[in-house]
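Please look at the sequence and the structure side by side before reading on. The paragraphs below go from the sheet and its helices to a single residue, and then to the confidence of the model.

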Amino acid sequence: MQGMRWLGSIKRRGWLSIWLLFAVILMGGCAGGSPAEGEMEGETVPDDNLIVVGVSQIGSESVWRTANTASIQRVFTKENGYFLIFKNARQKQENQIKALRSFISQRVDYIAFSPITERGWDTVLLEAKEAGIPVILIDRKVKVRDDSLYVAWIGPDFVNEGRLAGEALEECLKRQGRQEESIHIVVLQGTEGSTSAIGRSRGFLSVAEEHKNWNILEQVDAEFTTAKGQEEMERLLRKYENIDVLISQNDDMTFGALEAIRKSGKKAGEDGDIIVISFDAVKNALKLVEEGSITADVECNPNQGEYVAEVIRRMENHENVAKLNFVEEQVFTAENVRERLEEE
């Protein structure tokens, strides 16, 4: 079966060269201009020996997402034997579905994408399967009736990330001698329906449920953005006078929330008014861990391009591919953050 897929892949590469050459001729007849942003990477017409990969990215809503995109673009280069067709969905599922159908019509060898939400993919993924194009999920998962519609998922263990955040809070409260004290918590969640928001919420709640003195005042969707994080944190600070802990499901939201806390006259940090636990561990957030504004930051490793390339390499060599592929991650606190900062 894999041998048939590989032969089909060779045919697709030749067909794609013709298709792209035809597109170039058509573009030459237009009034100047360049292809839309992110439409293609590499040469105009790829060598038939290059592996053609179509990638649909959610957008560029955060520092983490930008780093994730960079890891993909570093790996899928002509020098490494690939031709990358990259499309930015700009946070809209309809744009991603359109991009995937474009990849199918171009008969790429592989499709990789990070789904904006978990649902709504059955039809387009069935189209890819019927076209013989393997689909690899990056970062987020999908809920489909037939798991054979994608060959592999690569990303973080979001549920475990949530548990790690809960355990980090346990350790902080233990250091403060507040294990029995009533603790009031607010949660800034990511985009509703996204795998990361669902998993981190589930993981953190599994720890919170073990502590009857932990009271979650409110969980709110702050869209993984700095602006929304600040807006929602300002509202929460007006609504609740006794917030002890902020759990923020990504660093961009945390940056906005920290500004809201500062403006309110309160101090963030273990020695301040509000303990802050964040996710992603981007460099600017790690600096705040070192300074003490963020008590713990749970890493979400953005460097997933090499993992995708490894799945493709195994498929090209007709080797078995694991369905779930977790990236390595850790938690950063004041005790260990300096070492990571020195690496960057």
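**A sheet and its helices**

Helix α2 (residues 63-75) lies across β1, β2 and β4, and runs at about 175° to β1, where axes are lines fitted to C-alpha atoms, for helices over the stretch in contact, and angles run from 0 to 180 degrees between N-to-C directions. Contact here means heavy atoms within 4.5 Å, while helices (H or I, at least four residues) and strands (E, at least two) are DSSP runs numbered from the N terminus. Helix α3 lies across β1, β2 and β3, running at about 170° to β1.

This is a predicted model, in which local features need pLDDT of at least 70 and side-chain atom pairs count only at pLDDT 80 or more, whereas totals for chains, interfaces and linings use all residues. Residues are numbered from 1 along each chain as its sequence is written, and side-chain values use heavy atoms, with hydrogens and water left out.

The strands that these helices lie across belong to an open sheet of 6 strands, paired in parallel in the order β2-β1-β3-β4-β5-β11; two strands count as paired if DSSP finds at least two bridges between them. At the edges stand β2 (82-88) and β11 (324-326), each of which pairs on one side only. Neighbouring strands of the sheet are turned against each other by 20° on average, with direction ignored. Strand β1 (residues 51-57) pairs with β2 in the parallel sense over 7 bridges, and V53 stands opposite L84 in β2.

Helix α4 (residues 122-130) has D122, V124, L125 and A128 buried, a word that stands for under 20% relative accessible area, with exposed over 50% and partly exposed in between (1.4 Å probe, protein chains only). The cover over these buried residues includes α3 (93-105), β3 (110-113) and β4 (135-138). After α4 comes G132, whose phi is positive, near 75°.

Which residues does V207, in helix α6 (residues 195-208), touch beyond those up to four places away in sequence? V207 touches R163, G166, E167, E170 and W214. One of these, R163, is 44 residues from V207 in sequence and 6.1 Å from it in space, C-alpha to C-alpha. V207 is buried because its relative accessible area is 5%.

Finally, the confidence: the mean pLDDT of the chain, the predictor's confidence in each residue from 0 to 100, is 88, and 86% of the residues reach 70 or more. Over residues 1-11 the pLDDT is below 50, and this stretch has 14 contacts in the model beyond near neighbours in sequence.
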